[in-house]
Amino acid sequence: MRRVFIGGNWKSNGDVNFIKNHTKNVINNLNFDSQKCQVVISPTNLHLELTRSLLGKNSKVEISSQNVSAFPDGAYTGEVSAKQLKDYSIEWTLIGHSERRQYFLETDDVVGKKTKISLENGLNVIACIGEKLGERESKRTMEVCFTQLAAIAKNTNDWGKVVIAYEPVWAIGTGKTASLAQAQEVHGELRNWLDGKVSKEVARSVRIIYGGSVTESNANDLITQVDIDGFLVGGASLKPGFKTIVESYKNKMI
Ligand code: PGA
């Protein structure tokens, strides 16, 4: 069965002091069975090494960048390439987060390129998709999600290295979580899409995680949904309650 995946997306938050305190007090005190649950945290690129150096020696927590260049090494000022991340032993990257799509104008084409170059360089990918409020209201949720997923699928040759994060944009940072039924419905349809367009095996094995105002109060319920394999947590991953969110994997019937 699928191992629960809990991601903590720290976004552009935190100074050195915060990173030190939060890693020592919260991240290093997470209690989970790594056979059943995988935990991956994403500090800013600036804080990747600091965070890693603070993790306990036998820590099972893994680290991800929040972004990756769509280009190889070279004259691309300000970018960090997939090859450089891998060389630095950063094993994961987030791709296609809605904030990157919204503020940095990342298109499906760019998301596809980032997926391809990351996988070619051996990185694991957390690929984010999700509809905006207007799209949900005009009943275009699945059309939007399938289009975004198709751009990722087209560039994926190793599904063992991909986690799909479904994050309805209207639920990110707003305190509005999708209801259990709303989240399960989309996750189920995404899995059906993978079954039809990729393979039964990929549909069965790929982890599809939910993101958007996940907190310690709703994680235990959301995780019970059959097609929800974990979470991508923003705001609440910066708080002590992240520990409770991680422990929600115990509620998963696997
Ligand atoms: P949130 O963010 O948990 O603060 O809503 C989730 C995300 O953006 O990944």
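**A ligand and its surroundings**

Me: How many residues of the shell around the ligand are nonpolar, polar and charged?
Reply: This is a predicted model, where local features need pLDDT of at least 70, side-chain atom pairs count only at pLDDT 80 or more, and totals for chains, interfaces and linings use all residues. Residues are numbered from 1 along each chain as its sequence is written, and side-chain values use heavy atoms, leaving out hydrogens and water. Ala, Val, Leu, Ile, Met, Phe, Trp, Tyr, Cys and Pro count as nonpolar, Asp, Glu, Lys and Arg as charged, and the others, Gly among them, as polar. The shell has four nonpolar, seven polar and two charged residues.

Me: Which residue has a backbone N or O atom 2.8 Å from an oxygen atom of the ligand?
Reply: Some partners use side chains: an N or O atom of lysine 11 lies 2.7 Å from a ligand oxygen, and glutamate 167 offers a side-chain N or O atom at 2.7 Å from one. The backbone partner, at 2.8 Å, is glycine 234.

Me: Why is the pair of phenylalanine 146 and tryptophan 193 stacked?
Reply: The whole structure holds four aromatic pairs (ring centres within 6.5 Å). Planes under 30 degrees apart count as stacked. These two rings have centres 6.3 Å apart, and the pair is stacked because their planes meet at 20°.

Definitions and conventions
A polar contact is a pair of N or O atoms within 3.5 Å; within protein, one must be able to donate a hydrogen and the other to accept it, and residues adjacent in sequence count only if both atoms are side-chain atoms. Rings of Phe, Tyr and Trp (its six-membered ring) pair if their centres lie within 6.5 Å; planes under 30 degrees apart count as stacked, over 60 as edge-to-face and the rest as tilted.
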